[in-house]
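Open the model in your viewer and keep the selection tool at hand. The stops below go one element at a time.

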Amino acid sequence: MTPLLSVQGMTRSYGNHLGCSDVSFDLYPGEVMGIVGESGSGKSTLLNCLAGHLTPDAGSVIYDTRGHGPRDTVTMSEPERRMLGRTDWAFVHQRASDGLRMGVSAGGNVGERLMAIGNRHYGDIRGHAIDWLDRVEIDAGRIDDRPVTFSGGMQQRLQIARNLVTGPRLVFMDEPTGGLDVSVQARLLDLLRGLVRDMGLSAIIVTHDLAVVRLLADRLMVMKSGRVVEHGLTDRVLDDPQHAYTQLLVSSVLQV
Amino acid sequence: MSGYNFAYLDEQTKRMIRRAILKALAIPGYQVPFASREMPMPYGWGTGGVQVSAAVLTPEDRFKVIDQGADDTTNAVSIRRFFERTAGIATTTATRDATVIQTRHRIPEEPLREGQILVYQVPIPEPLRFLEPRESETRKMHSLAEYGLMHVKLYEDISRHGHIATTYAYPVKVEERYVMDPSPIPKFDNPKLSDCAAIQLFGAGREQRIYALPPYTTVASLDFDDHPFDPSRADHPCGLCGSVETYLDEVIMDDAGGRMFVCSDTDHCETRQNAGYRGKDAG
Amino acid sequence: MIELRNVSKTFTLHNQGSAVINVLAHVDLDVRPGECVALTGSSGAGKSTLMRMIYGNYMARSGVIRVGGVDLVQAEPREIIRIRRETLGYVSQFLRVVPRVPTLQVVAEPLRAIGAPPDRAEAQARDLLTRLNIPRRLWSLSPTTFSGGEQQRVNIARGFVHPYPALLLDEPTASLDPENRDIVLGLIETAKQRGAAIVGIFHDTDARNRVCDREIDVGRFTPEQAA
């Protein structure tokens, strides 16, 4: 089986400060990988390099494109990369306001990607928007409301709908439940789990919340100071951590 | 006219602007940056259009200026006087007789012909500005022809009003490539942009951009398959000349709410009246 | 079906002076289809550790753990996940679920994960919940608020809804009343009859005697501790 994403030697620094160093892994279709680590461990830098938001200093991100098979997204032309970014990839930001157009209605937010790839039928776009609002459990009656009138959890679900409407195969998530109430987090996690399963999505989730990765991620990468210190099946890493840092991380979580 | 270089601007500046115009004509609809000069009038009064006119005018030209279709409003009169004084050129109010026409917010009703130049005054040249405030991002969107956002604006219109409620500065796509703001002309005028025999030049002074449509350029107004573009006009004949084909202004006549509809293009209306056409309100 | 060769397990506690604890060594075990093997031994002997290693949840230090032909010690995470989805079921002592997900969905999930249509998965989940005497009014609620015995039966339903060829059972009857205990033992017997290879931990001697074919004392794998 061909990996959907094959990452080799991903390295990025900011002057003398190391972002991430020599990170390599393969992600297979339908796999969900978590990346955990403390603030400054390089996990967000890595995610942004993978998603094409940052240019890495070294390394390659080979993506198995629909049309042309495996291609290095680091060296492909910008129009191609941006096209991937709004069709076959999705990016869920921690702050919904970074991933939504706050001045545009919920329907317009969901419809934007469709219009970007050439859909020119209003009724059709609106139909898709209603369908997606339903799938992320937002009342269709809110379709013409702006996201500023939504709760934090609803905004995050709207961001997910906006991202998934084009049927992407790979989703990048940066702390998708960060900043949400615990009760809202659970609902969002359940929703994400269902979407990942039903759409056969592959996903890379950056978080510092071990509970999130336990529920969502098949496998886990633990980062410290820009490097991967441990990598494996999620419950194995969490229940039988091998590296000193992972042991510290796991034992630091308060038990409830 | 002593004391001024021809058409106010120095020759180097005019050459710089002409280069921008030539580039703009070579890439229809693309916004070319230029080093806009301070003009002896405030921004918003047509400084971009005035600089473009200054760069294209020759001593043999006959110059016309309209503001919302009228030759006799303050803005039109002052720009016409400006070039009379600084270029000593002939002026006219007749569309037919003019070789260069500077306009704010209208395209003349009379079809333009080859050899004429129509200069638009543009306040905000960037059609994507409404939804994407970052200039770096809008430039990238133009260069990659990523125009989904433009339809988001139209989508928002329909979702809020049931139809596309944008009535002026209605976005267009030029030769299936660049999305362009046609300046705040009524959407009624949009069809005249396309396949026009004259050269159309757009100048934005404050924003320092020039863009252009060479003669016979295809210009399409953006729309949806199920909400096609509709260049609507008020459903009245002109009160003065009786035309049912022109763009109308609504004029309030008295404190009792009396009103009349008249052509916004004053030259066209007068030409028709002189030819014997009469509307119901004509004296 | 389940095959262990020379498996050993140590824990290294990096944050406690790098203490190394040898837990198991030289573990050999074979469980054939239709066979149920009980792990016995005193508390702390490593019964749960061994079971967790077979599930891939704990990392073996050395050796081979083969389930359905795949060596879980060497396998990639996605291989282990595939084995868990298709081949290897696990009924743990504790229920771990996403809050807010209804019991019916919790039980149907293993079938959904292998691509069963929702209606069929739910029908089978309903059937099992009925057999395990979980009141119908609870099906639409999350099991997180259930009593210990109810949670355990939900856990069992989850473990038996898909006919796994290999099953790991950690105290499946611990907090059950006699009637439900009998039902669960019946499920285990049925699983054996269809050919499931089962490894279990049963403190309940009667239950062990009823369903298990043989016992392995995990204590015999306890390594000699260095003095």
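Begin with helix H2 of chain A, residues 78–87, where Arg82(A), Leu84(A), Arg86(A) and Thr87(A) are buried. Keep in mind that this is a predicted model.

What do the buried residues of H2(A) pack against? Add strand S4 (58–65), S6 and helix H4 (106–116) of chain A to the selection, and then H4 of chain B; the buried residues of H2(A) pack against these elements. The tour will come back to chain B after a look at the strands of chain A.

**Strands of chain A**

Select S6(A), residues 89–92, together with S7(A): the two strands pair in the parallel sense, over four bridges. To find one point along this pairing, label Ala90(A), which stands opposite Val171(A) of S7(A).

Now select S7(A) alone, residues 170–174. Is this strand largely enclosed or open? Five of its five residues are buried, so S7(A) is largely enclosed by the rest of the structure. Show the side chains and look at each face in turn. Leu170(A), Phe172(A) and Asp174(A) lie on one side, Val171(A) and Met173(A) lie on the other, and both faces are covered.

Next, add S8(A), residues 202–206. S8(A) also pairs with S7(A) in the parallel sense, here over five bridges. Label Met173(A) and Ile205(A) to see a pair of bridge partners, the latter being in S8(A).

To follow the chain between these two strands, select helix H7(A), residues 182–199. S7(A), H7(A) and S8(A) together make a right-handed β-α-β unit.

**Between the chains**

Colour chain A and chain B separately and select the residues in contact. The selection should hold 22 residues from chain A and 21 residues from chain B. About 1,900 Å² is buried between the two chains, and carbon and sulfur atoms give 56% of that area.

How many salt bridges are found across the interface of chain B and chain A? There are five. For one to inspect, show the side chains of Arg101(A) and Glu132(B), which meet in a salt bridge with an N to O distance of 3.6 Å. Across this interface there are also 13 residue pairs in polar contact, counting those with both residues at pLDDT 80 or more.

For the last stop, select H4(B), 135–143, and H5(B), 148–161. Each of these helices supplies at least two residues of the side of chain B that touches chain A. H5(B) gives the most to that side, with nine residues.

Terms used:
Residues numbered from 1 in each chain as written. Chains lettered and ligands numbered in written order. Predicted model: local features only at pLDDT ≥ 70, side-chain atom pairs only at ≥ 80, totals over all residues. Heavy atoms only, no water. Buried < 20%, exposed > 50% of the residue type's maximum accessible area, 1.4 Å probe, protein only. Pairing = 2+ DSSP bridges. Right-handed = clockwise from strand over helix to strand, strands pointing away. Contact = heavy atoms within 4.5 Å. Buried area = accessible area lost by both parts, 1.4 Å probe. Salt bridge = Lys/Arg side-chain N within 4 Å of Asp/Glu carboxyl O. Polar contact = N/O pair within 3.5 Å; in protein donor to acceptor, adjacent residues only side chain to side chain.
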